[in-house]
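Colleague: I am new to this structure and would love a close look at its aromatic rings. Could you walk me through how they pair up, and then show me the largest pocket?

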Amino acid sequence: MVSIQTSDTVFARPNGQTYVTWYTIYGDLSARGKTPLVVLHGGPGMSHDYMLSLAALAAGDDARPVIFYDQIGNAKSPCQDNEPETFWTIDLFIDELLNLVNHLNIQNSFDVLGHSWGGMLAAELIIRRQPAGLKHVILADTLYSRKRSNEVVTRHLRDSGLTPEQQEILLKARVDGDMSHPEYGAANKSFQSQFGIRGLDVNNLPEELIKSLTLGDKAGVLKAMLKHETGEDWDVTDKLNQIKIPTLIILGHYDFLADRDVCQTYLDKIQNAKLVEFMESSHVPHWEQPEAYMDAVRSFLDEGELKGLDSSISS
């Protein structure tokens, strides 16, 4: 039986304003066995729920503690609705993450897995702060350049069967975060069924995934971040070489955000990087090919390499 602890911690800002970061821990941090893994969810504007399949890493003979949390402004870590757009910065999310790490007293030894926006956050954490206690990082289904990623999105849109008008609606939403167009929902559902959740039954999605998708961007976090921080100009390509720790790049073969060519840049720039590609997955291989995904993550975190695993994985 895996122990589960749920709590929250105060996140204070320099201006004296305080916020709450909600978190849950699967496994026992006090055992101090394997290095704990902190999971960074996507969005920004989603929740930890859709990443909960990774709780499997806290079970079995090879168990390690896994920490999930809702980032500020998301789900169980709310903030004021009237925060100015300039409140939302990459450094805000990094500060919150490090505050949680320190609160849990794991700052001297921890691993990070970031998915989608969470992968962007993980890369920026290292580039901007170089935390000494971070031992491994996993960048899953993510990007290092908004412009380069949007080129991949555009190519997939052309292959999606959507009309030019529908393609334009989805591209606009990626630029400004506005999903209010009346045709957005149907167009996005069609696109995601091919390049977001391809390996899943769209009529029988995991409840955890549905919960995160339903939450959406309630606090306007995504819009603000796209406008000021992570929009078309966001690009850390030339800073990837500052990531010195063992790094695993995870790619779903049909992912709308990235492809093999995009991921090659990670391998070229990060000295100690390895790539695993899930051939029957798109944006959420931790749900689409869960057993192979957990095997790859365990192998990497234990050995710092994909021991005994091929870089391209089919079920």
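Modeller: Here is a tour of the aromatic rings, followed by the largest pocket.

This is a predicted model, in which local features need pLDDT of at least 70, side-chain atom pairs count only at pLDDT 80 or more, and totals for chains, interfaces and linings use all residues. Residues are numbered from 1 along each chain as its sequence is written, and side-chain values use heavy atoms, with hydrogens and water left out.

A pair of aromatic rings is described by the distance of the centres and the angle of the planes. Rings of Phe, Tyr and Trp (its six-membered ring) pair if their centres lie within 6.5 Å; planes under 30 degrees apart count as stacked, over 60 as edge-to-face and the rest as tilted. By that rule there are nine aromatic pairs.

One of them joins Y19 and F87, a tilted pair with 5.5 Å centre to centre and 50° between the planes. Y19 belongs to strand β2 (residues 18-26), while F87 lies in the loop between β4 (66-69) and α1 (90-103), 68 residues apart, so the pair links distant parts of the chain (helices, H or I, at least four residues, and strands, E, at least two, are DSSP runs numbered from the N terminus). Y19 is buried, with a relative accessible area of 7%, and F87 is buried at 15%; buried means under 20% relative accessible area, exposed over 50%, partly exposed in between (1.4 Å probe, protein chains only).

Another pair is Y26 with F68, edge-to-face at 5.6 Å centre to centre and 85° between the planes. This pair also links distant parts of the chain, Y26 in strand β2 and F68 in strand β4, 42 residues apart. Y26 is buried at 17% relative accessible area, and F68 is buried at 1%.

Y19 and F87 also belong to one aromatic cluster with W88, F93 and W117.

Now for the largest pocket, which holds about 1100 Å³ of space. On a 1 Å grid over the protein atoms alone, a pocket is an open set of points where a 1.4 Å probe fits, with protein on both sides within 12 Å along at least five of seven lines; lining residues have an atom within 4 Å of a point. Grid points are joined across faces, edges and corners, and a volume is the space filled by probe spheres set on the points. Of the 42 lining residues, M46, Y184, N188, Q192 and L213 are the closest to the centre. The largest share of the lining, six residues, comes from α5.
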